[in-house]
Amino acid sequence: MTNCRLDGELSKGFLAGASNLRLLFCAQNQLCGPLHGEAGLLTLLQELDLSRNRLTGLLPVEVPSRLKQLQRLNLSYNQLRGRLPTTLMDLTACTELDLSNNFFNGRIPIGIAALKRTLTHCDISENNWTEEERAELGEFLHARLAAAAPNVFV
């Protein structure tokens with residue numbers, strides 16, 4: 001359902017009855033509001049792309065902590081904010097992680113380095129990192145994940 005002009009808020013319960021869902025592509029629409037923790041109930045989900053919408057609020061800790069089979073997570077170009085949850089390190093099957101172009105800030109969860117074995121693409125650029133966080137981010141990406149070459153980390 002990418003670029004289908006879907007418009008409106010993601011209400012609680014919008015994923016009710018979708019427990020067998022494996023792929024969810026709703027990029028390039030006008031979906032707005034918070035991403036609810038119930039997305040974490042989609043335990044069979046392998047790919048989630050909600051990029052280029054108008055999602056707001058925090059990234060719920062339930063999303064990464066329960067989606068053990070998730071291989072691709074793209075929430076780029078939204079209006080998500082706050083700190084990245086430490087549960088990102090639970091995405092052990094993830095090969096692509098794109099959280100760029102949001103309003104995330106704060107320290108990068110150190111546990112995310114555990115993903116270096118699986119990630120082939122990681123983009124968390126263009127957020128609200130301070131100079132100190134940006135320096136830490138650069139050090140983190142190079143020191144912690146450079147061993148994952150030939151991966152691309154922006």
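# Exercises on a predicted model

Gly 33 is found in strand S3. The model is predicted, and the exercises start from this residue.

## Exercise 1: the surroundings of Gly 33

Determine whether Gly 33 is buried or exposed, and list its contacts beyond four places in sequence.

Solution.

Step 1. The relative accessible area of Gly 33 is 9%. Buried means under 20%, so Gly 33 counts as buried.

Step 2. With neighbours within four places in sequence set aside, Gly 33 touches Glu 9, Arg 54, Leu 55 and Thr 56.

Step 3. Leu 55, in S5, stands opposite Gly 33.

Step 4. Gln 79 lies 46 residues from Gly 33 along the chain, and their C-alpha atoms are separated by 9.2 Å.

## Exercise 2: the sheet around S3

Work out which strands pair with S3, and in which sense.

Solution.

Step 1. Strand S1 (residues 7–9) is joined to S3 (residues 30–34) by 3 bridges, and the two run parallel. In this pairing Asp 7 stands opposite Gln 30.

Step 2. S3 also pairs with strand S5 (residues 54–57), again through 3 bridges and in the parallel sense. Here Cys 32 has Arg 54 in S5 as its bridge partner.

## Exercise 3: from S5 to the edges

Continue from S5 and give the strand order of the open sheet. Then explain why one side of S1 and one side of S9 are left without a neighbour in the sheet.

Solution.

Step 1. S5 and S7 run parallel and are joined by 2 bridges. Thr 56 has Gln 79 in S7 as its bridge partner.

Step 2. Strand S7 (residues 79–82) pairs with S9 in the parallel sense, over 2 bridges. Gly 82 stands opposite Phe 104 in S9.

Step 3. Put together, the 5 strands form an open sheet in the order S1-S3-S5-S7-S9, with parallel pairing. S1 and strand S9 (103–104) stand at the edges and each has a single partner strand, so one side of each has no neighbour in the sheet.

## Exercise 4: the nonpolar core

State how many residues the largest nonpolar core has, and describe the contacts of Leu 73.

Solution.

Step 1. The largest nonpolar core has 34 residues. Those with the most contacts inside it are Leu 35, Leu 73, Leu 75, Leu 91, Leu 97 and Leu 99.

Step 2. Residues up to four places away in sequence are not counted for Leu 73; what remains is Leu 48, Leu 91, Cys 94, Glu 96, Leu 97, Asp 98 and Leu 99.

Step 3. Leu 91, Leu 97 and Leu 99 therefore appear both among the contacts of Leu 73 and among the residues with the most contacts in the core, where a contact means heavy atoms within 4.5 Å.

## Exercise 5: rings and charge

Find how many aromatic pairs the structure holds, and which ring the charged end of Arg 52 sits over.

Solution.

Step 1. The count of aromatic pairs is 0.

Step 2. The charged end of Arg 52 sits over the ring of Tyr 77, at 3.9 Å from the ring centre.

## Exercise 6: the whole protein

Summarise the secondary structure, burial, contacts and exposed area of the protein.

Solution.

Step 1. There are 2 helices and 11 strands, which follow the pattern β-β-β-β-β-α-β-β-β-β-β-α-β along the sequence.

Step 2. The protein has 154 residues, of which 46% count as buried.

Step 3. Of the contacts between residues at least 6 apart in sequence, 65% join residues at least 24 apart.

Step 4. The exposed area is about 7,800 Å², and carbon and sulfur atoms supply 51% of it.

Key
Residues are numbered from 1 along each chain as its sequence is written. This is a predicted model: local features need pLDDT of at least 70, side-chain atom pairs count only at pLDDT 80 or more; totals for chains, interfaces and linings use all residues. Side-chain values use heavy atoms; hydrogens and water are left out. A nonpolar core is a set of buried Ala, Val, Leu, Ile, Met, Phe, Trp, Tyr and Cys residues joined through side-chain atoms within 4.5 Å. Buried means under 20% relative accessible area, exposed over 50%, partly exposed in between (1.4 Å probe, protein chains only). Rings of Phe, Tyr and Trp (its six-membered ring) pair if their centres lie within 6.5 Å; planes under 30 degrees apart count as stacked, over 60 as edge-to-face and the rest as tilted. A charge sits over a ring if NZ of Lys or CZ of Arg is within 6 Å of the ring centre and within 35 degrees of the ring normal. Two strands pair if DSSP finds at least two bridges between them. Helices (H or I, at least four residues) and strands (E, at least two) are DSSP runs, numbered from the N terminus. Accessible areas come from the Shrake-Rupley method with a 1.4 Å probe; for residues, only the protein chains shown count as cover.
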